[in-house]
Amino acid sequence: MDVAVVADLQDSLLVAMNDLKRLEGLLDHATVNLLDRFNRAMQVAGELPDDPRHDELRQALHLAVTELQFHDMATQLLVHIGKVLKGCAYILADQAMEPEEEEVGIVVTHMPKNPNPVTQSEMDAGSIELF
């Protein structure tokens, strides 16, 4: 494979990895905001104990907590995809360039051992296992 093609592919993989990191940051920011709003709603619900829908509100807020696991699952997938992309970049470099004398015989793998860190594929009620 041509070294220029490999370099272009590596650049593209690095751009994708950087975009994944930015997405992870956006998810983290959204989750912090969600937690702040959830805590404020719980505080307000506690100040309205005489309202006939108080229990309904508290139950709805507690069920909303399960949605927070989405952040954990998404982050695990982002990290995994980043490792796969990084591994591909290293494999491309290894295949395109001759190893230096001291590197001959050394096999380095950067690919994740597990094919997928998250087995869950939906966020329906009852499908979440809280940790």
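The exercises below, each with a worked solution, concern a predicted model of a protein.

**Exercise 1. Confidence**

Find in which helix the confidence is lowest and in which it is highest.

*Solution.* Begin with the whole protein, which averages a pLDDT of 77, with 79% of the residues scoring at least 70. Then turn to the helices: confidence is lowest in helix H2, residues 54–65, where the mean is 78, and it is highest in H1, where the mean is 86. As a general caution, where pLDDT is low, the predicted coordinates should not be read in detail.

**Exercise 2. How H1 lies against H3**

Decide whether H1 and H3 are roughly parallel or roughly antiparallel to each other.

*Solution.* In general, two packed helices are described by the angle between their axes and the distance between the axes. For H1 and H3 the angle is about 165°, and the axes are 9 Å apart. Angles over 145 degrees count as roughly antiparallel, and H1 and H3 are therefore roughly antiparallel to each other. As a last step, note the handedness of the crossing of H1 and H3, which is left-handed.

**Exercise 3. How H1 lies against H2**

Describe the crossing of H1 and H2, and name the residues that meet there.

*Solution.* The axes of H1 and H2 cross at roughly 160° and come within 10 Å. With the cut-off of 145 degrees for roughly antiparallel, H1 and H2 are therefore roughly antiparallel to each other, and H1 passes H2 in a left-handed crossing. On the H1 side the contacts are made by Phe-38, Ala-41, Met-42, Ala-45 and Gly-46, which meet His-54, Leu-57, Arg-58, Leu-61, His-62 and Val-65 in H2.

**Exercise 4. The largest nonpolar core**

Work out which helix gives the largest share of the largest nonpolar core.

*Solution.* This core has 11 residues, among them Val-6, Leu-13, Met-17, Leu-78, Leu-85 and Ala-96. Helix H1 (3–46) and helix H3 (69–96) each supply at least two residues of the core, and the largest share, six residues, comes from H3. One core member, Met-17, can be followed further: not counting residues up to four places away in sequence, Met-17 touches Gly-82, Leu-85 and Lys-86.

**Exercise 5. Thr-75**

Determine whether Thr-75 is buried or exposed, and list its contacts.

*Solution.* First locate Thr-75, which is in helix H3. Its relative accessible area is 16%, and since buried means under 20%, Thr-75 is buried. Leaving aside neighbours within four places in sequence, Thr-75 is in contact with Glu-24 and Asp-28.

Technical notes. Residues are numbered from 1 along each chain as its sequence is written. This is a predicted model: local features need pLDDT of at least 70, side-chain atom pairs count only at pLDDT 80 or more; totals for chains, interfaces and linings use all residues. Side-chain values use heavy atoms; hydrogens and water are left out. A nonpolar core is a set of buried Ala, Val, Leu, Ile, Met, Phe, Trp, Tyr and Cys residues joined through side-chain atoms within 4.5 Å. Buried means under 20% relative accessible area, exposed over 50%, partly exposed in between (1.4 Å probe, protein chains only). Helices (H or I, at least four residues) and strands (E, at least two) are DSSP runs, numbered from the N terminus. Contact means heavy atoms within 4.5 Å. pLDDT is the predictor's confidence in each residue, from 0 to 100. Axes are lines fitted to C-alpha atoms, for helices over the stretch in contact, and angles run from 0 to 180 degrees between N-to-C directions. Angles under 35 degrees count as roughly parallel, over 145 as roughly antiparallel, 65 to 115 as roughly perpendicular and the rest as oblique. A crossing is left-handed if the near helix is turned anticlockwise from the far one by less than a right angle, and right-handed if clockwise.
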